[in-house]
Amino acid sequence: MKFFIDTANLDQIKEAQDLGVLDGVTTNPSLMAKEGITGDANVTAHYKAICDIVDDNVSAEVIATTFDEIIKEGEALAALNPKIVVKVPMIKDGVKAIKYFTSKGIKTNCTLIFSPGQALLAAKAGATYVSPFLGRLDDISTDGLQLIEDIRLIFDNYGYPTQILAASIRGPLHIVACAKLGADVITAPLSAITALLKHPLTDSGLATFLADHKKAAGL
Ligand code: E4P
């Protein structure tokens with residue numbers, strides 16, 4: 001399973017990259033705004049800076065919502081760096097644009113997926129990734145993990161190569177559940193990724209090992 005970090009914060013991206021387990025980054029307009037990145041030139045520079053840190057897979061989201069504008073914006077984003085994956089919303093013109101980008105060899109991430117039918121349409125259009133937002137479904141008392149399971153079944157039934165990128169992850173248990181369900185990728189905040197490191201028995205076990213070693217060595 002690939003690990004992406006869901007942030008536009010360069011320090012957090014560097015920290016995840018240093019951990020040695022990072023496969024990519026997802027951003028969105030809200031995450032860019034949270035870092036105070038505004039204006040085309042700054043946004044472009046920020047995507048380039050992210051690409052300089054990670055090895056591959058930097059999702060950059062289009063703001064446009066009409067076919068012609070999505071194509072224009074997406075092609076400009078893709079031209080920034082071969083690591084860029086153009087993130088396109090699940091709307092009618094978005095699906096048409098994904099089909100176009102696929103024909104041009106441009107990687108895409110279809111975002112804001114909340115139903116199996118939406119994922120199926122994006123896969124038919126040739127999306128590289130679909131991003132089901134499981135946390136936002138959980139937030140409205142709907143089973144987000146069930147959506148991951150349904151999409152996995154559908155993609156496996158027909159052998160769609162589109163990868164399931166589980167998004168809107170809230171914590172470490174979401175990551176483990178997605179791994180059990182066969183998601184191809186998770187994108188999560190740094191806190192959810194580093195929380196996977198933690199177990200109280202690891203901490204107490206290590207403390208005992210180190211204390212025993214010190215005692216045996218007469219230190
Ligand atoms: C995915 O690509 C989105 O950026 C993200 O996972 C949305 O998560 P949120 O529901 O925490 O905003």
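**Ligand site and barrel in a predicted model**

The ligand occupies the space of the second largest pocket, a pocket being an open set of points on a 1 Å grid over the protein atoms alone, with protein on both sides within 12 Å along at least five of seven lines, and a molecule sitting in it if more than half of its atoms lie within 2 Å of its grid points. This is a predicted model, in which local features need pLDDT of at least 70 and side-chain atom pairs count only at pLDDT 80 or more, while totals for chains, interfaces and linings use all residues. Residues are numbered from 1 along each chain as its sequence is written, and side-chain values use heavy atoms, with hydrogens and water left out.

**Ligand surroundings**

- Residues around the ligand (a heavy atom within 4 Å) include Asp 6, Thr 26, Leu 31, Phe 133 and Ser 168.
- A polar side-chain atom of Asn 28 lies 2.7 Å from a ligand oxygen atom, and an N or O atom in the side chain of Lys 87 is 2.6 Å from an oxygen atom of the ligand.
- For Arg 136, the distance from a side-chain N or O atom to an oxygen atom of the ligand is 2.7 Å.
- Taken alone the ligand exposes 350 Å², of which the protein buries 85%, with areas from the Shrake-Rupley method and a 1.4 Å probe.

**Barrel**

- Eight strands (DSSP E runs of at least two residues) form a closed barrel in the order E1-E2-E3-E4-E5-E6-E7-E8, with parallel pairing, where pairing requires at least two DSSP bridges.
- Strands E3 (residues 58-61) and E4 (residues 84-89) run parallel and are joined by four bridges, with Ala 60 opposite Val 86 in E4.

Conventions:
A polar contact is a pair of N or O atoms within 3.5 Å; within protein, one must be able to donate a hydrogen and the other to accept it, and residues adjacent in sequence count only if both atoms are side-chain atoms. On a 1 Å grid over the protein atoms alone, a cavity is a set of points where a 1.4 Å probe fits but cannot get out, and a pocket is an open set with protein on both sides within 12 Å along at least five of seven lines; lining residues have an atom within 4 Å of a point.
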